[in-house]
Amino acid sequence: MSKHRLSPAPLPPSKKIHLSSEISQSSSTSPTSFESLSDELVLCVFARLSFADLCACQATSGNWYRLATDNELWRNLYLRNFGRPRLRGARGFVGRTDGREVKSLPGRAKVEDHKDWKWMFRISSNWKNGRCAMDDLRPFVQGLGMDTLKQSRMLLAGSLTITATSRSSSCPLIYVQDVAGEEHTLACPTTHIAHVTALALDQSAPLSGHIRLISFLSSGDFRVFSVDHNHPASSSTELSYTPSRRSSRVCPIIQAVYHHPLLITLSEAFTLSIYDLSSGCAVLTQTLSSFTSFPPTSLVLSTTSAATYKLVLAYAIPVYPAHWSVGATELIIAGPSTNPELPRSSSFLAPTHTPMTIISTRTARALDVPQGWVDEKKLRVMREQWSRKVFRVADTQTDGKFVVLAPEDTHSESHGSMPSSPSSTPSLSSSSPPYASSLYSPTNLQLYRLSLPSSTSVSSSGPKLSFVRTLHGQMGPIAALALSDGRCVSFGVNGSIWVWDLESTTGTEVAAPMTEKLSDGALALTGAKRSVTFDERRIVTAVNDHVVERRFDI
């Protein structure tokens with residue numbers, strides 16, 4: 001058998017050994033396949049990456065950094081992760097000095113033409129992970145007795161931090177700290193020895209960078225300041241008011257909301273007063289009292305239309321024989337001028353629509369006994385409601401959509417959140433059980449959803465306060481709460497701070513409990529008064545006069 005004859009074609013050339021210099025030269029002259037893509041295709045690829053991978057792409061090259069920081073890319077990423085086109089907790093008022101505007105309160109927010117979505121994503125991620133930077137705004141003062149200390153009052157207005165001294169004097173002071181850290185004072189002179197019991201900011205649109213601030217004194221006086229946001233030192237007094245008769249119905253004021261020219265105050269005796277400030281002086285238009293509602297309480301004011309206001313109150317309600325639960329009331333208030341299109345009043349409180357008076361009221365309670373005969377289904381619901389009653393209430397907060405109840409530890413010597421809690425809620429006898437039921441714990445928060453359907457429709461149902469779930473996680477009893485825009489911040493007696501997302505019912509620890517006594521004793525004081533407030537980028541807490549700020553825009 002003959003062998004297979006080879007082809008007469010020449011053999012292929014041998015493989016060439018490529019040098020590193022030739023490889024680098026060829027790579028510089030011919031682009032890679034990914035770099036040859038257009039910006040639009042690269043952005044489509046980046047849009048499918050997580051935020052961690054997107055941040056890693058920014059360190060690859062200058063071109064990738066330019067594309068990975070695209071504002072529209074981060075906008076879609078922000079909406080996909082956080083679900084809303086704004087930062088949560090924004091209180092409104094004036095714009096910030098860093099160019100990132102703080103818009104109106106929830107429900108009245110307007111979409112901005114341009115936002116730094118990457119910066120917003122960073123701030124929201126810090127809130128979600130509990131990452132912040134801490135700074136002492138006012139250190140603890142040694143040598144002050146507990147009888148001279150009251151609860152500190154705090155407000156956040158854009159880049160300004162407003163705090164009120166807790167010490168009584170003939171001229172209480174309000175401290176306004178700007179973004180540069182400089183502190184300015186506003187004096188509240190009075191003829192009596194008094195302290196600041198409440199602060200309120202004007203929620204209407206500011207004019208020429210000025211905001212209105214109202215301070216309320218324990219003597220019943222209140223004063224309206226015009227604060228220059230850019231130059232707080234040039235602030236001035238617009239109005240001062242002294243009640244003609246001092247009684248428990250008008251003083252002390254523990255809560256207040258202000259939307260010029262409407263001012264609403266709530267006294268410790270749970271008397272609601274409505275003032276008209278349109279004429280340059282305070283005119284009392286209506287006073288209401290409640291004998292079934294008690295502090296602690298919170299107020300939320302909004303404008304439902306050009307001619308009406310809506311006020312939502314959350315408060316503690318007594319439950320027979322010696323327990324407490326939570327309730328909420330909605331009040332519709334006529335604006336400064338009557339409108340023929342206003343809904344007809346269904347309440348005997350205001351048969352005619354007088355400006356700055358109540359049009360209608362509706363109330364919902366977490367524990368309510370149905371009228372008439374009770375079947376097995378209603379009885380089961382009543383048992384569930386009854387198991388959530390508490391012996392004391394540390395704080396209640398609402399944002400108009402959610403209501404949060406914080407039980408108070410009956411065995412703790414510190415009753416720290418609201419100044420009226422110890423006098424408003426009865427103490428337990430020695431024979432009382434430690435808790436109302438197995439579901440009750442002073443370390444757990446009770447979350448409720450407030451439903452307020454439109455009252456104009458005939459087929460609409462009434463208001464309802466529905467239990468959502470119990471929020472677990474924080475160690476130790478709660479001293480104070482702050483709630484805004486579906487976000488809740490709880491401040492514990494042991495110094496721990498938790499941030500709760502009420503829509504997803506998840507929580508994150510921002511500050512761990514203080515297990516050891518501090519050298520200055522600020523957090524270890526027995527019976528110390530604690531308070532907390534926050535906006536979209538920081539949390540400010542106070543223990544007596546010790547004020548601490550935690551920032552999330554880092």
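The following exercises, each with a worked solution, concern a predicted model of a single chain.

**Exercise 1. The chain as a whole**

Determine how many helices and strands the chain contains, and what share of its residues is buried.

Solution. The secondary structure amounts to eight helices and 28 strands. Next, the burial of the 554 residues is considered: 48% of them are buried. The accessible surface is about 27,300 Å², and carbon and sulfur atoms account for 54% of that area. Finally, the contacts between residues at least 6 apart in sequence are taken; of these, 55% join residues at least 24 apart.

**Exercise 2. A four-stranded sheet**

Establish the order of the strands in the open sheet that contains β18, and explain why one side of β18 and of β21 has no neighbour in the sheet.

Solution. The sheet has four strands, in the order β18-β19-β20-β21, and their pairing is antiparallel. In this order β18 (393-398) and β21 (464-471) are the edge strands; each has a single partner strand, so one side of each is left without a neighbour in the sheet. With direction ignored, neighbouring strands are turned against each other by 20° on average. The pairing at one edge can then be followed residue by residue. β18 is joined to β19 (residues 402-407) by five bridges, and the two strands run antiparallel. Within this pairing, Gln397 has Val404 in β19 as its bridge partner.

**Exercise 3. The surroundings of β4**

Identify the strands that pair with β4, and decide whether β4 is largely enclosed or open to the outside.

Solution. Begin with β3 (residues 160-164), which pairs with β4 in the antiparallel sense over four bridges. Here Ala164 stands opposite Ile174 of β4. Continue with β5 (residues 183-187), which runs antiparallel to β4 and is joined to it by five bridges. In that pairing Val176 stands opposite His184 of β5. The connection between β4 and β5 is a hairpin with five residues between the strands, and Gly181 in the turn has a positive phi of about 90°. As to burial, four of the five residues of β4 (residues 173-177) are buried, so this strand is largely enclosed by the rest of the structure.

**Exercise 4. Nonpolar cores**

State how many residues the largest nonpolar core has, and which helix gives the most to it.

Solution. The largest nonpolar core has 30 residues. The residues with the most contacts inside this core are Phe46, Leu54, Trp127, Val489, Ile497, Val532 and Ile539. Helix α6 (residues 117-129) gives the most, with five residues. A further core lies apart from the largest one; this other core has 19 residues, including Val257, Leu266, Leu288 and Ile358.

Val489 may be taken as an example from the largest core. Leaving aside neighbours within four places in sequence, its contacts include Trp127, Ile497, Val532, Phe534 and Ile539. Of these, Phe534 belongs to strand β26 (residues 530-534). Phe534 is buried, because its relative accessibility is 0%, under the 20% cut-off. The C-alpha atom of Phe534 is 9.8 Å from that of Arg551, which is 17 residues away along the chain.

**Exercise 5. Cysteines**

Find how many disulfides the structure contains, and explain why Cys188 and its closest cysteine form no bond.

Solution. A search of the whole structure gives zero disulfides. Cys55 is in no disulfide, and the nearest cysteine sulfur, that of Cys57, is 9.1 Å away. The relative accessibility of Cys55 is 38%, so this residue counts as partly exposed. For Cys188, the closest cysteine sulfur is in Cys171, at 7.0 Å; this is too far for a bond, since a disulfide requires sulfur atoms within 2.5 Å. Cys188 is buried, at 1% relative accessibility.

**Exercise 6. Two residues compared**

Classify Glu330 and Val381 as buried, partly exposed or exposed.

Solution. Glu330 is located in strand β16 (residues 323-334). Its relative accessible area is 6%, so Glu330 is buried. Beyond its neighbours within four places in sequence, Glu330 contacts Lys310, Leu311, Ser360, Thr361, Arg362 and Leu452. Val381, in turn, lies in helix α7 (residues 376-386). With a relative accessibility of 39%, Val381 counts as partly exposed. The C-alpha atoms of Val381 and Asp368 are 9.8 Å apart, with the two residues 13 places from each other along the chain.

Definitions and conventions: Residues are numbered from 1 along each chain as its sequence is written. This is a predicted model: local features need pLDDT of at least 70, side-chain atom pairs count only at pLDDT 80 or more; totals for chains, interfaces and linings use all residues. Side-chain values use heavy atoms; hydrogens and water are left out. Two strands pair if DSSP finds at least two bridges between them. Axes are lines fitted to C-alpha atoms, for helices over the stretch in contact, and angles run from 0 to 180 degrees between N-to-C directions. Buried means under 20% relative accessible area, exposed over 50%, partly exposed in between (1.4 Å probe, protein chains only). Contact means heavy atoms within 4.5 Å. Accessible areas come from the Shrake-Rupley method with a 1.4 Å probe; for residues, only the protein chains shown count as cover. A nonpolar core is a set of buried Ala, Val, Leu, Ile, Met, Phe, Trp, Tyr and Cys residues joined through side-chain atoms within 4.5 Å.
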